[in-house]
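I opened my notebook to go through this one spot by spot. Here is what I looked up, in the order I got to it.

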Amino acid sequence: MKYLDEYRDGGVAASIAKTIAETVTRPWVLMEVCGGQTHSIVRYGIDRMIPPEVELVHGPGCPVCVTSLEMIDKAHAIASRPGVIFTSFGDMLRVPGSRGDLLTLKSRGADVRVVYSPLDAVRIASQNPGKEVVFFGIGFETTAPANAMAVFRARKEGVANFSMLLSHVLVPPAMAAILQAPGNRVQGFLGPGHVCAIMGYREYESLAERYRVPIVITGFEPIDLLEGILMTVRQLESGRAVVENQYARAVTRDGNPAARALVLEVFEVGDRKWRGVGSIPKSGYKIRYEYRMHDAEKRFQVEEIATEESSLCISGQILRGLKKPSDCAAFGNVCTPQKPLGATMVSAEGACAAYYQYGRFLSSASLPAVPAGAPPA
Amino acid sequence: MCLGIPGELLEVRDVKGLKFGKVRFGGITRDVCLEYAADAAPGDYVVVHVGFAISKIDKDEAARSFAVLEDLGQTSELTADMAEQLLPRSGPWPGEEDS
């Protein structure tokens, strides 16, 4: 833990924070897109180390949180059917749908299983030929190569009883939607490091140019985040708007070509509804026609679902960067990780869960200003 | 679950035409698909996301990154399925249970 100790001692972190303070001449609003970055920022108090002129707002980068309520209800409808083994990443189990979550269904007798890898679900299917095995394929671009491989292998090995309920989301269209939204405050982005490890960052270059917004591809460790903030602020202060790569040790401009190729073999880009945000054009993946026999939406006819979202929950505004978790009346009292109203309180990457876990109960407006370069509390 | 977790590649094997490896993350060893990091060899450190290696990483970087992920509570995907005893920690190679 040398690195963290070094960090806590102030050292490198304080010196970057000081440089940020010396660079800033006016207020700027930056958004970090990835939920892992949000947790790191809150855990290490990065937002309290930097000068008050630089405001960090948290983006929609939690795949569990943005999976639409319709899709979750659809998953629940399929999982409730006899003869179905419903498989999912663990994060999805406690995400509330209109009526309960997957864990509740499991306790009522549905065969719901957590898997580590989507390939585990294909294996369960080949071991249970008499059952329909469905995998809930959610995630951002980082997860897409794994989900694509599961569909690809199921087809290649003839595992006919395997299908995937696909609800993939893509980062760049969501960033564009945030920038286009009326009332948008975001002026610069910390780009998602591990998403770009797969996809590269060519797509972000056209975003930066089109919207005149600096984008710095950033890692998730404390020093990464501080460096990413400094690089973004430098661009803003000098009137530049380009893509820079803070996370060069993990990210190249072209990403991982083998992974990208398989994703495009199995999936194609299509419109996608995001929980709390609404439908965003071309913001998700769908299973290609050639692989339709493994598409759970086609295999299971799920009738029109009437969804019901909690009226108290403001996760939609949080996911768009308009509000912070501590601005929510339900936060920490009616809504807790034990009894979540919205997905942002459930997931390990949700902003509400991060604020709850690290004791951020005061609304942002009531926080005392911390001098730049001060170590986190 | 949008972060990769670094681990040490211990051994490599071909299973039904797919390249797999056993990767050690702290005290846990898991089977990992290496199709997207095909040049990884035993002794290398790889970044793994939901059972797939997505890139190679150097040893010091791996150790530092893993420590931060553990501190952030972002390594739970490694054990989420084990709570149910659904799959062995690192048992037979995938697809070779019967052999």
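**Entry: A:Ser283**

I started with A:Ser283, which sits in strand 11 (residues 278-287) of chain A. I note up front that this is a predicted model. Is A:Ser283 buried or exposed? I get a relative accessible area of 0% for A:Ser283, so I wrote it down as buried. I then checked what its side chain reaches: a polar atom there lies 2.8 Å from the backbone oxygen of A:Ile280. Setting aside neighbours within four places in sequence, I found A:Ser283 in contact with A:His168, A:Val169, A:Leu170 and A:Pro173 among others. The list of contacts also includes A:Gly270, A:Asp271, A:Arg272 and A:Trp274.

**Entry: aromatic pairs**

Next I searched the whole structure for ring pairs and came back with six aromatic pairs over all chains. I picked A:Phe89 with A:Phe135: their ring centres are 5.2 Å apart and the planes stand at 90 degrees, so I logged the pair as edge-to-face. This pair links distant parts of the chain, with the two positions 46 residues apart. A:Phe89 is in the loop between strand 3 (84-88) and helix 7 (102-107) of chain A, while A:Phe135 belongs to strand 5 (residues 132-139) of chain A. Both rings' residues got an accessibility check too. A:Phe89 is buried at 4% relative accessible area, and A:Phe135 is buried at 0%.

**Entry: two covered helices**

I looked at helix 6 (residues 69-79) of chain A and counted nine of its eleven residues as buried, so this helix is largely enclosed by the rest of the structure. The buried ones include charged-type names I wanted to remember, A:Asp73 and A:Lys74, along with A:His76. A:Leu69, A:Met71, A:Ile72, A:Ala75, A:Ile78 and A:Ala79 are also on the buried list.

Helix 8 (residues 118-127) of chain A is mostly covered as well, with eight of its ten residues buried. Among them are A:Asp120 and A:Arg123, plus A:Leu119, A:Val122 and A:Ile124. What caps the N-terminal end of helix 8 of chain A? I found A:Ser117 doing that, with a side-chain oxygen 3.0 Å from the backbone nitrogen of A:Leu119.

**Entry: salt bridges within chain A**

My count of salt bridges over all chains came to 27. I wrote up a couple from chain A.

A:Glu132 and A:Arg299 meet through their side chains at 2.7 Å, N to O. They are 167 residues apart, with A:Glu132 in strand 5 of chain A and A:Arg299 in helix 15 (residues 296-299) of chain A. Neither end came out buried: A:Glu132 counts as partly exposed at 26% relative accessibility, and A:Arg299 is partly exposed at 27%.

A:Arg253 and A:Glu205 form another salt bridge, at 2.9 Å, N to O. A:Arg253 is in the loop between strand 9 (243-245) and helix 14 (257-266) of chain A and A:Glu205 is in helix 12 (residues 202-211) of chain A, so the pair ties together parts 48 residues apart in sequence. I have A:Arg253 as partly exposed at 35% relative accessibility, and A:Glu205 as partly exposed at 25%.

**Entry: where chain B meets chain A**

Last stop was the interface. I count 40 residues of chain B in contact with 53 residues of chain A. Together the two chains bury about 3900 Å², and 62% of that is on carbon and sulfur atoms. The rule finds eleven residue pairs in polar contact across this interface. Which element of chain B gives the most to the side that touches chain A? I found helix 1 of chain B there, with seven residues. Sorting the residues on that side of chain B gave me 23 nonpolar, six polar and eleven charged.

I also get four salt bridges across the interface. One of them joins A:Arg249 to B:Glu61, whose closest N and O atoms are 2.5 Å apart. A:Arg249 is partly exposed, with a relative accessible area of 35%, whereas B:Glu61 is buried at 8%. Following shared partners, I ended up with one salt-bridge network made of A:Glu221, A:Asp224, A:Arg249, B:Glu61 and B:Arg64.

Conventions: Residues numbered from 1 in each chain as written. Chains lettered and ligands numbered in written order. Predicted model: local features only at pLDDT ≥ 70, side-chain atom pairs only at ≥ 80, totals over all residues. Heavy atoms only, no water. Contact = heavy atoms within 4.5 Å. Buried area = accessible area lost by both parts, 1.4 Å probe. Polar contact = N/O pair within 3.5 Å; in protein donor to acceptor, adjacent residues only side chain to side chain. Helix = DSSP H or I, 4+ residues; strand = E, 2+ residues; numbered from the N terminus. Nonpolar A, V, L, I, M, F, W, Y, C, P; charged D, E, K, R; others polar. Buried < 20%, exposed > 50% of the residue type's maximum accessible area, 1.4 Å probe, protein only. Phe/Tyr/Trp six-rings, centres within 6.5 Å; stacked < 30°, edge-to-face > 60°.
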